[in-house]
Amino acid sequence: MMSAIRALFLAALALLLPVSAAQAEILAMLNYETKPEQLVRKEGLAIIDVDPASATFGKMLMDIPLPPDLVAHHIYFNRDKSKAYITALGKSLLHVMDLTRFPYRMKAVPVPDCQVGENMVFSEDRRTWYLTCMGSSTVIMGDAMTDKPAKTIASPSGSAFIKHPHGISLHDGIDRAIITSTVRPSDLGDPGETVTVLEASSGKVLSTHKVSLKPSPSGEAPVDVMFMPGSNPPVAYITNMHGGTLWMAAWDPASKSFSFQQVDDLGRRGHGVVLELEPNRKRDRLYVTTGKPGHVSVYDVSEPRTPRFLKAIPAAPGAHHLVLSPDERYFFVQNSLLNLPGLSDGSITVIDLAKGEPVASVDTLKNQGLNPNCIVLLPQRP
């Protein structure tokens, strides 16, 4: 009995140690669900070592069960990474995990005005979070201290400015948030073609803008948006999931408004289902995932208003979320989108940035008939 207790204590201690003391582990947290062909549905959070140089590379070090009907979707950290938030497609709930205590504590937070919870952002003062709700066409503003919903933002009467909202990005310096109009979640139909601009502090809907060069309805389905850190004047990039394009929103300080333009057509290179955006720390590179057939496109954004495509690195079908290792030697690509056929490889591709090519694949979940839906790296604690 004592040996078993000691083994559990050492395992817990290893998870709490900084990376250097834990022999070069890079710990990723992924929420997963069973693939459609599995008879018994299962959901959970897996902690997996994704460092190719580690002795425990690819091993699942922790498995935290979630309700099997939650349909957990994304994982977000608050500003100081003391909490992780898990959004849900199946229930009007947020799950909030306290990362400062081990074992981790998780609570369910009701968000009754939110159906199909998608993306989150947090204000710089750490007081407010914003949650997009694709099923109810609303955005919820919440108190980031108590994690209670505080305000529901919907389109003004007689308009449809906020429609199937998915992506959201916040710029506190100009008090603006941009939200994408994606698809109807029940059947992935009715694709949007616009983004909506909010006054972030009040939640007031200011304007809507088409992000397509095609006649309406274009069916572009803008899905993700990200303000480029450090850009001045501010610049945001937008991915069009169905349109296969990358757009830019450029802020004009004089008019206090955005101009929009297409900056790349990824479809011309045979890359479809454009999804997520991630910059490097130096802010001179931007990485964009495409699910079909599965790539990461690399852009030079040293001049944010004139992004330049450099290369595309293969991943796997359903290439979706990606994260950079702390030293930016690797990035890790989670390959699965909504359990969709042809977009759910289930692996994690490890790409060496210096080589510009994949060097390993983590098939831990894939081999169990599971699909990861999001990937984040656990914060390194001193």
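Start by selecting Cys-114 and Cys-133: a disulfide joins the two, with 2.1 Å from S to S. Keep in mind that you are looking at a predicted model. Show the sticks and look down the S-S bond: the torsion there is about -110°, so this disulfide is left-handed. Now colour by secondary structure to see what the bond ties together. Cys-114 sits in the loop between strand S7 (105-110) and strand S8 (117-122), while Cys-133 belongs to strand S9 (residues 128-133). The two cysteines are 19 residues apart, and the pair links distant parts of the chain. Turn on a surface and both partners go out of sight: Cys-114 is buried at a relative accessible area of 2%, and Cys-133 is buried too, at 0%.

How many disulfides are there in total? The count comes to 1. Next, pick Cys-374. Why does this cysteine have no bond to Cys-114? The closest cysteine sulfur to that of Cys-374 is the one in Cys-114, and at 16 Å it is too far for a bond, given that a disulfide needs sulfurs within 2.5 Å. Cys-374 is also buried, with 3% relative accessibility.

Go back to the disulfide and widen the selection to the sheet around S9. This is an open sheet of 4 strands in the order S8-S9-S10-S11, with antiparallel pairing. S8 and strand S11 (149-153) are the edges; each has a single partner strand, so one side of each is left without a neighbour in the sheet. Look along the strands and you can follow the turn from one to the next, 20° on average with direction ignored. Zoom in on strand S10 (residues 138-143), which runs antiparallel to S11 and is joined to it by 4 bridges. For a landmark, label Ile-140, which stands opposite Thr-152 in S11.

Now jump along the chain to another open sheet. Here 4 strands lie in the order S20-S21-S22-S23, again with antiparallel pairing. Its edges are strand S20 (272-279) and strand S23 (308-314), and each has a single partner strand, so one side of each lacks a neighbour in the sheet. The twist averages 25° from one strand to the next. Select S20 together with strand S21 (residues 285-292): the two pair in the antiparallel sense over 5 bridges. Val-274 is a good residue to label, as it stands opposite Thr-290 in S21.

Time for the interior. The largest nonpolar core has 20 residues, and Met-29, Leu-45, Ile-47, Ile-75, Met-97 and Tyr-104 are the ones that touch the most other members. Strands giving two or more residues to this core are S1 (27-34), S2 (43-49), S3 (60-66), S4 (72-77), S5 (83-88) and S28 (370-377). Centre the view on Leu-45 and show its surroundings: leaving aside neighbours within four places in sequence, its contacts include Met-29, Tyr-32, Met-62, Ile-64, Ile-75, Ile-86, Met-97 and Met-106. Apart from this core lies another, of 18 residues, among them Ile-26, Tyr-330, Ile-348 and Val-362.

Finish by colouring on pLDDT. The protein has a mean of 93, and 93% of its residues reach 70 or more. Which stretch falls below 50? Select residues 1-22, where the pLDDT is below 50. Beyond near neighbours in sequence, that stretch has 14 contacts in the model.

Methods. Residues numbered from 1 in each chain as written. Predicted model: local features only at pLDDT ≥ 70, side-chain atom pairs only at ≥ 80, totals over all residues. Heavy atoms only, no water. Buried < 20%, exposed > 50% of the residue type's maximum accessible area, 1.4 Å probe, protein only. Pairing = 2+ DSSP bridges. Axes fitted to C-alpha atoms, helices over the stretch in contact; angles between N-to-C directions. Core = buried A, V, L, I, M, F, W, Y, C linked by side-chain atoms within 4.5 Å. Contact = heavy atoms within 4.5 Å. pLDDT = per-residue confidence, 0-100.
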